[in-house]
Number of protein chains: 2
Amino acid sequence: MGQTEGGEKPGTRAEMREETERLILDAAEEVFAESGFGGATMQAIADACGLPKANLHYYFSNKEKLYRRVVERIFTIWLEAAGSFETSATPDVALRRYITRKMQLSREHRFGSKVWANEVMHGAPIIQDYLETTLRRWTETRIAVIQGWIDAGHIRPINPRWLMYTIWATTQHYADFAHQIETLNDGPLDEAQWQDATETVCGILLRGIGIDPGTGA
Amino acid sequence: MGQTEGGEKPGTRAEMREETERLILDAAEEVFAESGFGGATMQAIADACGLPKANLHYYFSNKEKLYRRVVERIFTIWLEAAGSFETSATPDVALRRYITRKMQLSREHRFGSKVWANEVMHGAPIIQDYLETTLRRWTETRIAVIQGWIDAGHIRPINPRWLMYTIWATTQHYADFAHQIETLNDGPLDEAQWQDATETVCGILLRGIGIDPGTGA
DNA sequence: AACAGACCTGACCATTCAGTCAAGATTTTT
DNA sequence: AAAAATCTTGACTGAATGGTCAGGTCTGTT
């Protein structure tokens with residue numbers, strides 16, 4: 001606790017622990033994303049982060065606890081992104097920013113998105129409570145906001161729920177189905193393609209609800 | 001080969017075999033959808049169709065062959081649906097019909113859709129060749145058609161590829177994320193909700209590309 | 001330097017699970 | 001009715017895997 005800043009490499013005990021945990025969580029996220037919970041093995045995760053398997057069990061008592069931590073971390077990131085849906089902004093700005101942020105997440109957190117998708121597809125055994133509480137509340141407030149836009153005549157009258165699902169689906173698709181997209185594209189999307197895709201998605205969805213979107217960039 | 005029609009229950013040897021295989025494939029599809037390939041066990045599939053495990057191995061020599069057959073069957077259904085994208089029709093009709101058909105598939109073949117999603121998310125180890133051949137060809141022809149609509153000024157200029165992905169994503173979401181949707185909805189969507197969701201998706205996407213959609217029903 | 005506590009790991013164990021097998025039942029053919 | 005083919009199944013096996021543990025190492029404290 002003496003000098004907080006310093007060598008960076010050694011760090012305090014707690015810092016080193018956190019760092020190792022992050023190393024394991026990163027590896028676990030990737031392995032869980034690529035193999036699912038059942039298909040992933042502790043050995044594969046150990047190999048992915050270069051630690052002996054027994055060491056993983058020192059930090060995370062068992063596979064399920066490790067998985068749980070991975071999922072919780074993803075939910076945190078999701079929540080942060082959810083904050084970019086500014087309820088005070090105009091629909092144009094709020095939706096464009098939210099969609100853009102979600103596309104960015106799909107690009108930068110592909111594995112996390114896949115783990116989330118897997119978890120939900122398998123009946124959300126771990127995150128059911130989050131769905132019922134946090135996600136539900138968040139969704140309901142946004143639906144209310146969208147309904148307000150409709151009542152004010154800013155956007156076309158549609159069921160806000162289906163609009164939310166459309167946004168989630170479209171943006172997440174670029175992470176969850178990245179392999180399919182890359183196969184059809186002969187390789188990963190490049191910077192320009194990501195921008196184009198993002199702009200196209202914004203354009204379709206905004207016009208779809210009756211907004212004439214301003215220029216993208 | 002004598003009387004082809006008749007009792008229906010007994011059937012010929014080949015018919016009974018086919019029926020048993022279908023029974024197993026149905027159960028396997030559900031179990032694979034809910035647990036993933038790695039998480040699914042032959043015993044669970046056996047229980048799901050009420051046969052002893054050893055019997056499964058009589059019909060399908062191993063787990064991977066069974067899985068492969070499940071995936072192939074799904075691809076067949078997908079292909080059939082792909083046919084509803086009428087290249088000769090106007091964009092309005094073609095897209096509305098295709099989207100509607102895909103929404104219907106999400107409702108009626110939830111398990112199949114989930115297995116497909118799982119397969120792709122895990123790098124498509126089984127269906128890679130389909131992606132590269134059949135799916136690729138199909139996609140390219142539809143992209144050409146859409147591009148034709150753009151050139152003719154029927155729809156707004158957008159990259160047809162991102163439009164295809166948006167359609168796939170949005171419609172499949174209702175199967176793959178059914179659990180999340182049902183949690184937020186306090187239960188499965190009813191008939192009216194499915195119709196409303198379908199109409200909303202059609203409305204958003206068609207307007208999104210610059211078509212004023214005719215009435216839904 | 002000695003000690004204590006946190007961290008690391010190879011070897012091991014118990015369980016689970018895909019896949020086998022041999023013997024029996026059932027249906028078809030001769 | 002006998003023989004042959006197909007189908008069924010309980011019991012078993014070998015390999016993989018989650019998890020344990022005893023003993024070692026490193027780090028910070030006194």
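Visitor: Which residues are the closest to DNA strand C, among those that surround it?

Guide: Let's begin with the DNA, keeping in mind that this is a predicted model. DNA strand C is surrounded by 16 residues. The closest of them come from chain A and chain B: R17(A), Y58(A), Y59(A), K53(B) and K63(B).

Visitor: Which part of DNA strand C lies within 4 Å of the protein, and what percentage of those atoms belongs to sugar or phosphate?

Guide: Think of the strand's atoms within 4 Å of the protein as two groups, with bases in one and sugar or phosphate in the other. Bases make up the rest once sugar and phosphate are counted. The share of sugar or phosphate is 66%.

Visitor: How many Å separate a polar side-chain atom of Y59(A) from a phosphate oxygen of DNA strand C?

Guide: Let's go through some phosphate contacts one by one. An N or O atom in the side chain of R17(A) is 2.7 Å from a phosphate oxygen of the strand. The side chain of Y58(A) also has an N or O atom 2.7 Å from a phosphate oxygen. For Y59(A), the distance is 2.4 Å.

Visitor: Which element gives the most to the surface near DNA strand C?

Guide: The elements that each supply at least two residues here are α1 (13–39) and α3 (53–59) of chain A, together with α3 (53–59) of chain B. One of these gives four residues, and that is the most: α3(A).

Visitor: Which residues are the closest to DNA strand D?

Guide: DNA strand D is surrounded by 16 residues. The closest are K53(A), K63(A), A54(B), Y58(B) and Y59(B). Of the atoms of DNA strand D within 4 Å of the protein, the part that sugar and phosphate account for is 63%.

Visitor: Which residue has a polar side-chain atom 2.8 Å from a base nitrogen of DNA strand D?

Guide: Two other contacts of this strand go to phosphate oxygens. A polar backbone atom of M42(A) is 3.0 Å from one, and a polar side-chain atom of Y59(B) is 2.6 Å from one. The contact with a base nitrogen belongs to K53(A).

Visitor: Which element gives the most to the surface near DNA strand D?

Guide: Two or more residues each come from α3 of chain A, and from α1 (13–39) and α3 of chain B. The element that gives the most supplies four residues, and its name is α3(B).

Visitor: How many helices does chain A have?

Guide: Follow chain A from the N terminus and the elements run α-α-α-α-α-α-α-α-α-α. The number of strands is zero. The number of helices is ten.

Visitor: What percentage of the residues of chain A count as buried?

Guide: The C-alpha atoms of chain A fill a box of roughly 60 × 45 × 40 Å along the principal axes. The chain exposes about 10100 Å², with carbon and sulfur atoms supplying 51% of that area. As for its 217 residues, the part that counts as buried is 51%.

Visitor: How many of the eight residues of helix α9 of chain A are buried?

Guide: Let's list them: A178(A), Q180(A), I181(A), T183(A), L184(A) and N185(A). These buried residues pack against α6 (110–121), α8 (160–176) and α10 (191–208) of chain A, and also against α6 (110–121), α7 (128–151) and α8 (160–176) of chain B. Helix α9 (residues 178–185) is mostly covered, and its count of buried residues is six.

Visitor: Is D186(A) buried or exposed?

Guide: D186(A) comes just after α9(A), in the loop between α9 and α10 of chain A. Its phi is near 55°, a positive value in a residue other than glycine. Exposed means over 50% relative accessible area. D186(A) has 64% relative accessibility, so this residue counts as exposed.

Visitor: Is A124(A) buried or exposed?

Guide: A124(A) sits in the loop between α6 and α7 of chain A. Phi here is near 50°, a positive value in a residue other than glycine. The cut-off for buried is under 20% relative accessible area. With a relative accessible area of 1%, A124(A) is therefore buried.

Visitor: Which residues does I150(A) touch, not counting residues up to four places away in sequence?

Guide: I150(A) has its place in helix α7 (residues 128–151) of chain A. A relative accessible area of 12% makes I150(A) buried. Leaving out residues up to four places away in sequence, I150(A) touches I155(A), R156(A), P157(A), I158(A) and P160(A).

Notes: Residues are numbered from 1 along each chain as its sequence is written. Chains are lettered from A and ligands numbered from 1 in the order in which they are written. This is a predicted model: local features need pLDDT of at least 70, side-chain atom pairs count only at pLDDT 80 or more; totals for chains, interfaces and linings use all residues. Side-chain values use heavy atoms; hydrogens and water are left out. Buried means under 20% relative accessible area, exposed over 50%, partly exposed in between (1.4 Å probe, protein chains only). Accessible areas come from the Shrake-Rupley method with a 1.4 Å probe; for residues, only the protein chains shown count as cover. Contact means heavy atoms within 4.5 Å. A residue is near a molecule or strand if one of its heavy atoms lies within 4 Å of it. A polar contact is a pair of N or O atoms within 3.5 Å; within protein, one must be able to donate a hydrogen and the other to accept it, and residues adjacent in sequence count only if both atoms are side-chain atoms.
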